[in-house]
Amino acid sequence: MDTDDKMLQELFALADKVGKKQYHKLTSQDFDNYRKFDHWRYINGDGECGTTPESKQWVKDNSDWNCPICGEKFADRDGRTIDHKLPRAQYPWLSLDFRNLWVICRICNQEKGEMHWYEYEHYILIHYPDRYQDIAFARPRKLLQTLKER
Ligand SMILES: [Zn+2]
């Protein structure tokens with residue numbers, strides 16, 4: 001088994017472990033946050049990211065010209081979107097946790113879908129090995145740590 005296989009197996013084991021903890025201890029505050037995020041992002045319709053003054057400013061402060069995943073210019077990839085590193089469907093209490101948000105292009109966002117972070121790292125490793133370093137660097141370590149404690 002080479003190093004890459006070992007890393008993959010560890011990723012799968014972690015994804016499985018974390019996945020089993022999803023939906024534990026959800027509170028009404030968690031769901032409030034989920035809805036607030038929708039409001040924050042989508043108040044003027046869902047066609048565009050950053051449609052409130054606050055979310056526009058946040059996107060501006062947290063992105064430059066290029067998508068951190070594919071490295072292409074946002075303008076050439078259907079624009080910017082706010083993505084949840086750990087998907088909202090699985091972790092609604094992280095909907096409005098800014099450590100969980102990043103700005104990526106629309107095409108990468110669609111491709112990422114509802115994958116768990118570790119699944120996504122695995123996906124990238126298989127399909128775009130040259131991007132893997134950047135994705136591993138963007139791993140939300142602190143959040144994943146809090147999931148273990150939850
Ligand atoms: Zn991209």
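**Figure 1. Four cysteines hold the zinc ion in this predicted model.** The protein donors are the SG atoms of Cys 67, Cys 70, Cys 105 and Cys 108, and they sit 2.3 to 2.4 Å from the zinc ion. Read along the chain, the donors follow the spacing C-x2-C-x34-C-x2-C. Angles between the four donor atoms run from 101 to 116°, so the arrangement comes out as tetrahedral. As a yardstick, the ideal angle for four tetrahedral donors is 109.5 degrees.

**Figure 2. A closer look at Cys 67 and Cys 70, two of the zinc donors.** Cys 67 has a relative accessibility of 3%, so it counts as buried. Cys 70 comes in at 13%, and because the cut-off for buried is under 20%, this cysteine is buried too. Cys 67 also turns up among the residues with the most contacts inside the largest nonpolar core.

**Figure 3. Strands E1 and E2 pair up antiparallel.** E1 covers residues 80–84, E2 covers residues 101–105, and five bridges join the two. One of the matched pairs is Thr 81 with Ile 104 in E2. E1 is mostly covered, with four of its five residues buried. Cys 105, at the end of the E2 range, is one of the zinc donors.

**Figure 4. Ile 135 sits in helix H6 and is fully tucked away at 0% relative accessibility.** H6 spans residues 132–137. Leaving out residues up to four places away in sequence, Ile 135 touches Ile 69, Trp 102, Trp 117, Tyr 120, Glu 121 and Ile 124. Its C-alpha atom lies 10.0 Å from that of Cys 70, although the two residues are 65 apart along the chain.

**Figure 5. Ile 69 and the largest nonpolar core.** This core has 30 residues, and those with the most contacts inside it are Cys 67, Ile 69, Leu 86 and Trp 117. At least two core residues come from each of helix H3 (53–61), E2, helix H5 (117–127), H6 and helix H7 (141–149). Again setting aside residues up to four places away in sequence, Ile 69 touches Trp 102, Ile 104, Cys 108, Tyr 120, Ile 124, Arg 131 and Ile 135. Of these, Cys 108 is also a zinc donor.

**Figure 6. Zooming back out, the protein has seven helices and two strands.** From the N terminus on, the elements run α-α-α-β-β-α-α-α-α. Of the 150 residues, 43% count as buried. Among contacts between residues at least 6 apart in sequence, 65% join residues at least 24 apart.

Terms used. Residues numbered from 1 in each chain as written. Predicted model: local features only at pLDDT ≥ 70, side-chain atom pairs only at ≥ 80, totals over all residues. Heavy atoms only, no water. Donors = N, O, S within 2.8 Å, 3.2 Å for Na, K, Ca; no water. Tetrahedral: all angles 85-135°; square planar, octahedral: opposite > 155°, others 65-115°. Buried < 20%, exposed > 50% of the residue type's maximum accessible area, 1.4 Å probe, protein only. Pairing = 2+ DSSP bridges. Contact = heavy atoms within 4.5 Å. Core = buried A, V, L, I, M, F, W, Y, C linked by side-chain atoms within 4.5 Å.
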